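Let's walk through this structure together, going from helix packing to charged pairs and back. Keep the sequence at hand as you read.

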Amino acid sequence: MERRCRCGACFFYKTDKMANEEQNVTETEEEQNQVRLPMVALRGMVVFPDINLHFDVTREKSVQAVERAMDSQQRVFVTCQKYVSTEDPGRDDVETVGTIVRIRQISRLAGKTRRVVALGMERAELESVDQEDGYLSAVVRPAPEADEESLERLDKEALRRQLEIELAEYLQYYPNAGGGLVEFLEKNQKLGSCLDFAAATLPLPVQKKQQVLNGIDLMERYDTVC
């Protein structure tokens, strides 16, 4: 079947086959950005990129997920549960934005508990969740990164200075609250990474930490942290 298109400057025919091919190209490009990974739902914990961390897993599905990850690319998608009381979380029970982490080590603790040492790699958005061989398997796509270039250089420097001032004042009252935070700020020039590290290390409510993880806009992240 032909589709005929006219305008003031052109005249052409487009077949259904051509239209379907264009749609398939778009769908293929979207699928290329997706990846399937084992998934772990964390209780009361939000994980950020570029940060070393450890977490314990006890649920059989989570244990199977991290062990499956170690057998392949050592990567797993972690995301926070909406309610810590949920025993068997599914797609609707977890946050859409989580983090792809690379597992460095798994240690056996008492009973079925495993301690996972990992590094946060990148934000990712959850597309779907399936049950697969005793663990949760997630299809995710990389989340958009904060645009550091959208801020003027002077604005970014001013925000960094203000962040350092406010955190220094906070740490005067709670010196043990932000382990390594000052050193991280001194070494890292990316405002987004500094805000992530601050959110990860400061005793913020889980909901606020998740807001920072969700935030693409740097000003939104800054307002949440400060």
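Helices and strands are DSSP runs here, a helix having at least four residues and a strand at least two, and they are numbered from the N terminus. Please bear in mind that this is a predicted model.

With that numbering, a good place to begin is T86, which sits in the loop between strand 5 (75-80) and strand 6 (97-108). Is T86 buried or exposed? Its relative accessibility is 18%, and because buried means under 20%, T86 counts as buried. Leaving aside residues up to four places away in sequence, T86 touches R43, R59, Q81 and D93.

Now let's turn to the helices. Two packed helices are described by the angle between their axes and the distance between the axes. For helix 5 (residues 191-201) and helix 7 (residues 218-225), the angle is about 30° and the axes are 10 Å apart. Angles under 35 degrees count as roughly parallel, so helix 5 is roughly parallel to helix 7. Their crossing is left-handed. On the helix 5 side, the residues that meet helix 7 are L191, G192, L195, D196, A198 and A199, and their partners in helix 7 are L218, R221, Y222 and V225. By type, the residues of this contact divide into seven nonpolar, one polar and two charged.

Helix 7 has another partner, helix 6 (residues 206-214): the axes of helix 6 and helix 7 come within 8 Å and cross at roughly 165°. Since angles over 145 degrees count as roughly antiparallel, helix 6 and helix 7 are therefore roughly antiparallel to each other. This crossing is left-handed as well. Here K208, Q211 and V212 in helix 6 meet R221, T224 and V225 in helix 7. The residues of this contact divide into two nonpolar, two polar and two charged. You may recognise R221 and V225, which are also among the helix 7 residues that meet helix 5.

The charged residues deserve a closer look. How many salt bridges does the structure hold? There are eight, and among them is one between D196 and R123, whose closest N and O atoms are 2.7 Å apart. D196 belongs to helix 5 and R123 to strand 7, so this pair ties together parts that are 73 residues apart in sequence. Both D196 and R123 are buried.

D196 also forms a salt bridge with R221, with an N to O distance of 3.3 Å. Because D196 lies in helix 5 and R221 in helix 7, this pair ties together parts that are 25 residues apart in sequence. R221, like D196, is buried. Put the two pairs together and you have a network of salt bridges linking R123, D196 and R221. If you follow it in the model, recall that D196 and R221 also appear in the contact of helix 5 with helix 7.

A further salt bridge joins the side chains of R115 and D56, at 2.7 Å from N to O. This pair links distant parts of the chain, with R115 in strand 7 (residues 114-132) and D56 in strand 4 (residues 52-57), 59 residues apart. Are these two residues buried or partly exposed? R115 is partly exposed, with a relative accessible area of 32%, and D56 counts as partly exposed at 38% relative accessibility. The D196 and R123 pair, by contrast, is buried.

Note on methods
Residues numbered from 1 in each chain as written. Predicted model: local features only at pLDDT ≥ 70, side-chain atom pairs only at ≥ 80, totals over all residues. Heavy atoms only, no water. Axes fitted to C-alpha atoms, helices over the stretch in contact; angles between N-to-C directions. Parallel < 35°, antiparallel > 145°, perpendicular 65-115°, else oblique. Left-handed = near helix turned anticlockwise from the far one by under 90°. Contact = heavy atoms within 4.5 Å. Nonpolar A, V, L, I, M, F, W, Y, C, P; charged D, E, K, R; others polar. Salt bridge = Lys/Arg side-chain N within 4 Å of Asp/Glu carboxyl O. Buried < 20%, exposed > 50% of the residue type's maximum accessible area, 1.4 Å probe, protein only.
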